[in-house]
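Here are my notes on the model, point by point. Please keep the structure open while reading.

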Amino acid sequence: SVGRGGYMALIGGTVSNSGNIHVPLGKVGLGSGEQATLDFSGDGFLQVAAPTNAKTSGAMVESSGTIKADGGAVIISAATAREAARNAVNISGQVQARSIGGRTGAIEIGGGEGGQVTVSGKLTTASRKARGGTITVTGKDITLAGARLDASGKTGGGNVRVGGDRQGRGTLQRAQTTSIDAASTIKADATGIGNGGN
C-alpha cells in the first residue's frame, strides 16, 4: 500500500503479482524489459525497451492478484520484438482504476509488437459519480477469455480500446488478431445521464 498520489512499480525480466497493490490517486506500473524508464511528471509513466532474455514458462508479466489505483493509472507493459512472438501479458486477477474525485482513471496494457496478451480477469475504470475512464489493450495477438472490461460512468461512458483504435484509425498499435469469447463483456455505459462511451 502506497499513500495517496504515490507511485509503485515492479520491473524486471519477468514480473508476477499475486498480492494486493493499492495506490489511491497514484500510478502503478508492471514492466518487463532489459531497459525501463519511469517518468514521474509526464504522461509516459512507464516505458520499457529491449525484450528480456529471461526464460519463463508463463507470461513475462502476470497478475493474478488485485491492483487498485482509483483516480490514477495502471500501466502494464512488456517489451517484445515483432519477429519473435512471446507470451507477454496475462491478467487473470483484478485491475481497477476507478474515476474518483474529478480524476479519470486509466488502465493501459501493452504486449509490444510481438506480444501475446490474455485477459481473463476484470479491468474497471467505472465511476459511480462521474464519467468512466479509459481502458486500452494492445499487442500482436489479444485474447479476452471470460474477461470483464468496464468503463461505465454515472454521467457518461468512457473509452475502451482493444486491439487498436476505432476502425483501425489513429496511431495506436493494431493487433494482428483479437479474439473475444462469449463469456467476456465490454461496457462503457452511461449509468445515470449523458452519453454512452466508445
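1. **Phe45.** This is a predicted model. Start with Phe45: buried or exposed? Phe45 counts as buried, because its relative accessibility is 1% and the cut-off for buried is under 20%.

2. **The stacked pair.** A search of the whole structure finds three aromatic pairs. In one of them, the ring centres of Tyr7 and Phe45 are 5.7 Å apart and the planes meet at 25°, so this pair is stacked. The cut-off for stacking is an angle under 30 degrees. Tyr7 sits in strand β1, while Phe45 is in the loop between β5 (35-38) and β6 (46-49), so the contact ties together parts 38 residues apart in sequence.

3. **The cluster.** Which residues form the aromatic cluster? Tyr7, Phe40 and Phe45 make up one cluster. Check Tyr7 and Phe45 separately for exposure. Tyr7 counts as partly exposed because its relative accessibility is 37%. Phe45 is buried, at 1%.

4. **The surface patch.** Tyr7 also belongs to a nonpolar surface patch. The other members are Ile11, Leu38 and Phe40. The patch covers about 340 Å². Phe40 is thus named twice in these notes: in the patch and in the aromatic cluster.

5. **The sheet.** Strand β1, which holds Tyr7, is part of an open sheet of six strands. The order is β1-β4-β9-β12-β15-β18, and the pairing is parallel. The edges are β1 (7-12) and β18 (159-162), each paired on one side only. From one strand to the next, the twist averages 5°.

6. **Inside the sheet.** Look at β9 (residues 73-78) and β12 (residues 106-110). These two strands pair in the parallel sense over five bridges. What is the bridge partner of Ile76 in β12? The partner is Ile109.

7. **Leu25.** Check the backbone here. Leu25 is not a glycine, yet its phi is positive, about 60°. Leu25 is located in the loop between β3 (20-22) and β4 (27-32). With a relative accessibility of 14%, Leu25 counts as buried.

8. **Gln167.** Here is a second backbone point. Gln167 has a positive phi, near 55°, and is a residue other than glycine. Gln167 lies in the loop between β18 and β19 (177-180). Is Gln167 buried or exposed? Gln167 is exposed, because its relative accessible area is 66% and the cut-off for exposed is over 50%. Leu25, by contrast, counts as buried.

Conventions. Residues numbered from 1 in each chain as written. Predicted model: local features only at pLDDT ≥ 70, side-chain atom pairs only at ≥ 80, totals over all residues. Heavy atoms only, no water. Pairing = 2+ DSSP bridges. Helix = DSSP H or I, 4+ residues; strand = E, 2+ residues; numbered from the N terminus. Axes fitted to C-alpha atoms, helices over the stretch in contact; angles between N-to-C directions. Patch = residues over 30% accessible without salt bridge, like charges linked within 9 Å, V, L, I, M, F, W, Y side chains within 5 Å. Areas by Shrake-Rupley, 256 points an atom, 1.4 Å probe, with all protein chains shown as cover. Salt bridge = Lys/Arg side-chain N within 4 Å of Asp/Glu carboxyl O. Phe/Tyr/Trp six-rings, centres within 6.5 Å; stacked < 30°, edge-to-face > 60°. Buried < 20%, exposed > 50% of the residue type's maximum accessible area, 1.4 Å probe, protein only.
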